[in-house]
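The exercises below ask you to work from the coordinates towards a picture of strands, loops and a bound ligand. Try each task with the structure open before you read its solution.

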Amino acid sequence: MTPPPTETPTAVPGFRLWRGALSPHMQAEMVETVMRGLEDAPLYRPVTPGGRPLSVRMSNFGPLGWVSDRAGYRYQPTHPETGRPWPPIPTRLLDLWRATVDWPDPPDACLVNLYRDAAKMGLHQDRDEADLKAPVLSVSLGDTAMFRIAGADGRTSALKLESGDVCALTGPARMARHGVDRVLAGSSRLIPGGGRINLTLRRAR
Ligand code: SIN
Ligand code: FE2
């Protein structure tokens, strides 16, 4: 279903990118599925451990979800505001994981990020997972993001992530610092109400 990575756009071995992995039809279906899930697990605005609200709104699918609050960063089985378990990870995303990353176990956490207006994400490492060797798979939907990723020498490169693009942090890139400088508002009409949705699949435990 998914071809080998289309490009290695940065000097970051282990960073893999599949441009246009999801057709426009698959993107629309995925957005519908995600919106249905979000009815059950509404987006909310997390705060950093220091108490600052993130500009991104978040929710999760799967047995575990990534949360941030005054107590720190962690994975937990329930939505912090509703107290309910997160909805299941959509089957199509589990298929995508199998078709792309080379890992024996399925993801057990899917972070949903919604970027609207000036939302962005500072450079960070994904390091709250039990096994930091398990890959991270990321799906972009909606408006184009200016994504930034650092190589082992600390130098960063920027690339655009467009709707339907899929990328992965694997092997030596698993701990690469990465973030979203900004989102090009209005570059897509896919998301109801506008903006960008990023789905991040991980092995939390
Ligand atoms: C993240 O690192 O959690 C999100 C990256 C993205 O939105 O592309
Ligand atoms: Fe991340």
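Two strands are said to pair if DSSP finds at least two bridges between them. The model in these exercises is a predicted one.

**Exercise 1. Pairing around strand 10**

Task: determine which strands pair with strand 10, in which sense, and over how many bridges.

Solution. Step one is to take strand 7 (residues 136-142), which pairs with strand 10 in the antiparallel sense over 4 bridges. A residue pair that illustrates this is Leu137, which stands opposite Ala168 in strand 10. Step two turns to strand 1 (residues 15-18), which is also antiparallel to strand 10 and is joined to it over 4 bridges; here the bridge partner of Phe15 is Leu169. Step three looks at the side chains of strand 10 (residues 166-169), where Val166 and Ala168 point one way and Cys167 and Leu169 the other way, with all of them buried.

**Exercise 2. Following the pairing from strand 7 to strand 2**

Task: starting from strand 7, trace the antiparallel pairings through strand 12 and strand 5 to strand 2.

Solution. Step one: strand 7 and strand 12 pair in the antiparallel sense over 6 bridges, and Ser138 stands opposite Thr200 in strand 12. Step two: strand 12 (residues 196-202) is in turn antiparallel to strand 5, to which 7 bridges join it. Two bridge partners show how these two strands are aligned, since Tyr115 is matched with Arg196 and Leu114 with Ile197. Step three: strand 2 (residues 57-61) runs antiparallel to strand 5 and is joined to it by 5 bridges, with Leu114 as the partner of Arg57 in strand 5. Leu114 therefore appears in two of the listed pairs, as the partner of Arg57 and as the residue whose partner in strand 12 is Ile197.**Exercise 3. Burial of the two strands**

Task: are strand 5 and strand 12 enclosed or open, and which residues lie on each face?

Solution. Step one applies the cut-off, by which a residue counts as buried under 20% relative accessible area. Step two counts residues in strand 5 (residues 109-115), where 7 of the 7 are buried, so that this strand is largely enclosed by the rest of the structure. Both of its faces are covered, with Ala109, Leu111, Asn113 and Tyr115 on one side and Cys110, Val112 and Leu114 on the other. Step three repeats the count for strand 12, whose residues are buried in 7 of 7 cases, so it too is largely enclosed by the rest of the structure. From strand 12, Arg196, Asn198, Thr200 and Arg202 point one way, while Ile197, Leu199 and Leu201 point the other way, and all are buried.

**Exercise 4. The surroundings of ligand 1**

Task: establish which residues and strands surround ligand 1, and which side chains make polar contacts with its oxygen atoms.

Solution. Step one lists the shell, which consists of Asn113, Tyr115, Met121, His124, Phe147, His178, Val180, Arg196, Asn198 and Arg202. Step two assigns residues to strands: strand 5, strand 6 (121-124), strand 11 (178-183) and strand 12 each supply at least two residues of this shell, and strand 12 gives the most, with 3 residues. Step three examines distances to ligand oxygen atoms, with a polar contact requiring N or O atoms within 3.5 Å. A polar side-chain atom of Tyr115 lies 2.5 Å from an oxygen atom of ligand 1, while side-chain N or O atoms are found at 3.1 Å for His124 and at 3.0 Å for His178. Step four considers how far the ligand is covered: taken alone, ligand 1 exposes 260 Å², of which the protein buries 97%. The space that ligand 1 takes is the largest pocket.

**Exercise 5. Three exposed residues**

Task: locate Asp117, Pro88 and Pro24, and decide whether each is buried or exposed.

Solution. Step one places Asp117 in the loop between strand 5 and strand 6. Asp117 has a relative accessible area of 71% and is exposed, and its phi is positive, about 55°, although it is not a glycine. Step two places Pro88 in the loop between strand 4 (72-76) and helix 2 (91-100), where its relative accessible area of 66% makes it exposed. The C-alpha atoms of Pro88 and Leu169 are separated by 23 Å, with their positions 81 residues apart along the chain. Step three places Pro24 in helix 1 (residues 24-40), and Pro24 is exposed, with a relative accessible area of 65%. Pro24 and Gly164 are 140 residues apart along the chain, yet their C-alpha atoms are separated by 7.2 Å.

Methods. Residues are numbered from 1 along each chain as its sequence is written. Chains are lettered from A and ligands numbered from 1 in the order in which they are written. This is a predicted model: local features need pLDDT of at least 70, side-chain atom pairs count only at pLDDT 80 or more; totals for chains, interfaces and linings use all residues. Side-chain values use heavy atoms; hydrogens and water are left out. Buried means under 20% relative accessible area, exposed over 50%, partly exposed in between (1.4 Å probe, protein chains only). A residue is near a molecule or strand if one of its heavy atoms lies within 4 Å of it. A polar contact is a pair of N or O atoms within 3.5 Å; within protein, one must be able to donate a hydrogen and the other to accept it, and residues adjacent in sequence count only if both atoms are side-chain atoms. Accessible areas come from the Shrake-Rupley method with a 1.4 Å probe; for residues, only the protein chains shown count as cover. On a 1 Å grid over the protein atoms alone, a cavity is a set of points where a 1.4 Å probe fits but cannot get out, and a pocket is an open set with protein on both sides within 12 Å along at least five of seven lines; lining residues have an atom within 4 Å of a point. A molecule sits in a cavity or pocket if more than half of its atoms lie within 2 Å of its grid points.
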